[in-house]
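The following paragraphs lead the reader through one protein chain, helix by helix and contact by contact. Please keep the sequence and the model in view while reading.

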Amino acid sequence: MSSTAPGPPAPGDTGTVPPAGRRRRDTLRAFARRPWVRGTTTAVVLVLCAGFLVHSFARDGAATRTAVGLLGPVLPLALVPALAGLWLTALSWREPLQALSVPLSRPSAVRIFAAGQLGKYVPGVMWSIVLQSRLAAASGITVFHFTAAFGLYAAVSLGTGGVLGLSALAHHAYGTGAALVAAALVPVLLLVLPRLLAVSVRLVKAVPSLARRLAPVPLTVLRRSVWLCAVSWLVTGVHLWLFAVALGADPLRAVLPCVAGFAVATSLSSLVVVVPDGLGVREALLAVSLASVLPPPEAAAAAAASRLVLAAADVLAFGYGSLAARTPRPLSVSHAPAGPPAPHVPLPTAPHHRRKDDTC
């Protein structure tokens, strides 16, 4: 019996056939990258966000109307710290994202982050990731790097919110003295938190498959992200303080329940992913925190007004991001006469010494 040896492969033929599973996966990826598929997905998610947002206010229409009736003139003023806090939060979120992927401008960061803020009004975390990853892809950020940065920032947000909320919890459980001790510990804990995050990143990078795909995150980046996020909690909490003071609370006594209470209420409610944006859970926790400075009806009205203002800030930030994305940037034109390029002379640079603990 004779056998025929296989001939040489045809030009361009590698001689290998990709597995059926990989071919199917590549086909799905190519389909998902089509512009009309991306646009349709984004539109569907936005419609879902709007529907859940309208439904949440319609369900508690009486509380919303009461809040508007009591705090109508204060609502536009409270929108200012809410928008400022949202901007700072976007900058904090931007730090680990660009460390893991590519540099991102501040307007682009606000635009992408604001899209995720709308996605949080749909139950589950995936909708925020879907909206943000669509916009991030246009900036050259892969889904893998975006997901990794999302997880790292979630740790930053929960950590800073928990640290700032310790004083509110101590005040509610043990009184003013314990709250002051907890408030004094806040700067120390905020200094330690980036180190703890750096250790977590090192543990993740210890996995060989992840170490090859994740860039090192400098400790300075984690510090900036933590402090920006902490300041954003404080600035955003001012809107609740304005409501409490307008409803008759003592301005000094209301600082801790409003600012620290807002941080811990929002952090804890974000863990309840089955409820869009922790709606209902956050308002209940805020009402409990405000009960020390306001009667229960006024505390509930302030919590409902807070939800209204924060939702308006999310919508306005998304609108700004959408307009900024569609506005062409002017090209810089030099009026100097054209001439031959000057020869490039490299400048002497000092050797760069990097501390051992600067990256993680």
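Helix α4, which covers residues 75–100, contains 26 residues and reaches 38 Å from its first C-alpha to its last, close to the 38 Å expected at 1.5 Å a residue. The model under discussion is a predicted one. Along α4 there is a bend of about 25 degrees at R94, and a proline, P96, follows within four residues.

Between these two residues in number stands E95, whose side chain meets that of R224 in a salt bridge, with 3.1 Å from N to O. E95 belongs to helix α4 and R224 to helix α10, so the pair ties together parts that are 129 residues apart in sequence. The two partners differ in their exposure: E95 is buried, with a relative accessible area of 7%, whereas R224 is partly exposed, at 41%. Side chains of opposite charge can pair when their charged atoms come close.

How many salt bridges does the structure hold? The count is two. Besides the pair just described, the side chains of R282 and E283 meet in a salt bridge, at 3.5 Å from N to O. R282 counts as buried because its relative accessibility is 3%, under the 20% limit. E283 is likewise buried, at 10% relative accessibility.

A second link in space concerns helix α10, where V238 has its place. V238 and V80 are 158 residues apart in sequence, yet their C-alpha atoms are 9.4 Å apart in space. V238 is partly exposed, with a relative accessible area of 32%. Helix α5, residues 106–119, offers a further case, as it contains R111. The C-alpha atoms of R111 and W87 are separated by 9.9 Å, and the two residues are 24 apart along the chain. R111 counts as buried, since its relative accessibility is 16% and the limit is 20%.

Attention now turns to helix α7, in which H145 is found. Is H145 buried or exposed? At 18% relative accessibility, H145 counts as buried, because the limit for that class is under 20%. Leaving aside neighbours within four places in sequence, H145 is in contact with L97, L100, S101, R213 and L214.

Helix α8 comprises the 30 residues 176–205. At 1.5 Å a residue α8 should span 44 Å, and its end C-alpha atoms are 42 Å apart, which agrees. α8 also bends, by about 35 degrees at V186, and a proline, P187, follows within four residues. V186, the site of this bend, is among the buried residues of the helix, together with A179, A182, L190, L193, P194, L197, A198 and V201. What covers the buried residues of α8 includes α7 (143–174), α10 (219–246) and α11 (255–270).

Other residues of α8 take part in the surface. L166, L169, V181, L185 and L189 make a nonpolar surface patch of about 410 Å². The elements that give two or more residues to the nonpolar patch are α7 and α8, and α8 gives the most, with three residues. One member of the patch is V181, which is found in helix α8. V181 is classed as exposed because its relative accessible area is 53%, over the 50% limit. Helix α8 thus holds both buried residues and residues of a nonpolar surface patch.

The chain as a whole may be considered last. Its secondary structure comes to 13 helices and zero strands. Of the 360 residues in the protein chain, buried residues make up 38%. The accessible surface comes to about 19,900 Å², and 70% of that surface belongs to carbon and sulfur atoms. Among contacts between residues at least 6 apart in sequence, 77% join residues at least 24 apart. The salt bridge of R224 and E95 is a pairing across 129 residues of sequence, and the C-alpha atoms of V238 and V80 lie 9.4 Å apart across 158 residues.

Notes: Residues numbered from 1 in each chain as written. Predicted model: local features only at pLDDT ≥ 70, side-chain atom pairs only at ≥ 80, totals over all residues. Heavy atoms only, no water. Expected span 1.5 Å × (residues − 1). Bend = angle between axes of the 7 residues up to and from the residue. Buried < 20%, exposed > 50% of the residue type's maximum accessible area, 1.4 Å probe, protein only. Contact = heavy atoms within 4.5 Å. Patch = residues over 30% accessible without salt bridge, like charges linked within 9 Å, V, L, I, M, F, W, Y side chains within 5 Å. Areas by Shrake-Rupley, 256 points an atom, 1.4 Å probe, with all protein chains shown as cover. Salt bridge = Lys/Arg side-chain N within 4 Å of Asp/Glu carboxyl O.
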